[in-house]
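Work through the exercises below with the sequence and the coordinates open. Each task is followed by a solution in steps.

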Amino acid sequence: MSARLDRRLVTAGLGVTVAQLVSLWADHTPARLPVPLSCRTCGHPYSETAPLCPTAAVVRPLLRSRRHEAPGAIDALTPNQLLDLTGKRLSTALPAEVTR
């Protein structure tokens, strides 16, 4: 399976909302530990060099900078998804023996 940008992101383009970004982030990042070997939505295999799928890699910086536009929008994220969004280290980049 070849991972590509989620169609919802491509369709929204520059008009993407914070709510759409939250939904995309939730769909393309692991909800909890242990982390699976690949993205459950697009199939991107996680690795130390590519810990995010293409969609999550685009969404993360946008959502990090825009999350304050809609207070409470990120409340729907699980603790792991929230930490992956706001933390310095991604759960998908952790050593396999710790997360899988």
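The exercises concern a predicted model, and they go from charged pairs to cysteines, helix packing, loops and surface.

**Exercise 1. Salt bridges**

Task: Find how many salt bridges there are, and determine which residues are linked in a network of salt bridges.

Solution:
1. The criterion is a side-chain nitrogen of Lys or Arg within 4 Å of a carboxyl oxygen of Asp or Glu. By this rule the count is three.
2. Arg 8 pairs with Asp 6 at 2.9 Å, N to O.
3. Arg 8 also pairs with Asp 27, at 2.8 Å from N to O. This pair links distant parts of the chain: Arg 8 sits in helix H1 (residues 7-12) and Asp 27 in helix H2 (residues 18-28), 19 residues apart.
4. Glu 69 and Arg 66 form a salt bridge with their closest N and O atoms 3.1 Å apart.
5. Arg 8 takes part in the bridge to Asp 6 and in the bridge to Asp 27. The network therefore consists of Asp 6, Arg 8 and Asp 27.

**Exercise 2. Accessibility of the charged residues**

Task: Sort Asp 6, Arg 8, Asp 27 and Glu 69 into buried, partly exposed or exposed.

Solution:
1. The limits are under 20% relative accessible area for buried and over 50% for exposed, with partly exposed in between.
2. Asp 6 has 11%, so this residue is buried.
3. Arg 8 has 37% and is therefore partly exposed.
4. Asp 27, with 24%, is also partly exposed.
5. Glu 69 reaches 52% and so counts as exposed.

**Exercise 3. Cysteines**

Task: Find how many disulfides there are, and state why the sulfur of Cys 53 forms no bond with that of Cys 42.

Solution:
1. A disulfide needs two cysteine sulfur atoms within 2.5 Å. By this rule the count is zero.
2. Cys 39 is in no disulfide; the nearest cysteine sulfur belongs to Cys 42 and is 3.6 Å away.
3. For Cys 53 the closest cysteine sulfur is again in Cys 42, at 3.8 Å, which is too far for a bond.
4. On accessibility, Cys 39 is buried because its relative value is 3%. Cys 53 is buried too, at 0%.

**Exercise 4. Packing of H2 and Leu 63**

Task: Identify the buried residues of H2 and what they pack against, then list the residues that Leu 63 touches.

Solution:
1. The buried residues of H2 are Val 18, Leu 21, Val 22, Leu 24, Trp 25, Ala 26 and His 28.
2. For the spacing of such positions, recall that an α-helix has 3.6 residues a turn, so residues three or four places apart point the same way.
3. The buried residues of H2 pack against H1, H3 and H4.
4. Leu 63 belongs to helix H3. Its relative accessible area is 0%, so Leu 63 is buried.
5. Leaving out residues up to four places away in sequence, Leu 63 touches Val 18, Leu 21, Val 22, Trp 25, Ile 74 and Leu 85.
6. As a distance check, the C-alpha atoms of Leu 63 and Asn 80 are 15 Å apart, for a separation of 17 residues in sequence.

**Exercise 5. Loops**

Task: Locate the cis peptide bond, then describe the surroundings of Pro 45 and Ser 91.

Solution:
1. The cis bond joins Leu 33 and Pro 34, with omega about 0 degrees. Most peptide bonds are trans.
2. Pro 34 is in the loop between H2 and H3. Pro 45 lies in that loop between H2 and H3 as well.
3. Pro 45 is exposed because its relative accessibility is 52%. Beyond its neighbours within four places in sequence, Pro 45 contacts Leu 37, Ser 38 and Ala 50.
4. Ser 91 is in the loop between helix H4 (79-86) and helix H5 (96-99). At 4% relative accessibility, Ser 91 is buried.
5. The side chain of Ser 91 makes a polar contact of 3.3 Å with that of Asn 80.

**Exercise 6. Nonpolar surface**

Task: Which residues make the nonpolar surface patch?

Solution:
1. Patch members need over 30% relative accessible area. Val 58, in helix H3 (residues 54-66), has 33% and so counts as partly exposed.
2. The patch is made by Leu 5, Val 10, Val 58 and Leu 62, and covers about 300 Å².

Note on methods
Residues numbered from 1 in each chain as written. Predicted model: local features only at pLDDT ≥ 70, side-chain atom pairs only at ≥ 80, totals over all residues. Heavy atoms only, no water. Patch = residues over 30% accessible without salt bridge, like charges linked within 9 Å, V, L, I, M, F, W, Y side chains within 5 Å. Areas by Shrake-Rupley, 256 points an atom, 1.4 Å probe, with all protein chains shown as cover. Helix = DSSP H or I, 4+ residues; strand = E, 2+ residues; numbered from the N terminus. Buried < 20%, exposed > 50% of the residue type's maximum accessible area, 1.4 Å probe, protein only. Polar contact = N/O pair within 3.5 Å; in protein donor to acceptor, adjacent residues only side chain to side chain. Contact = heavy atoms within 4.5 Å.
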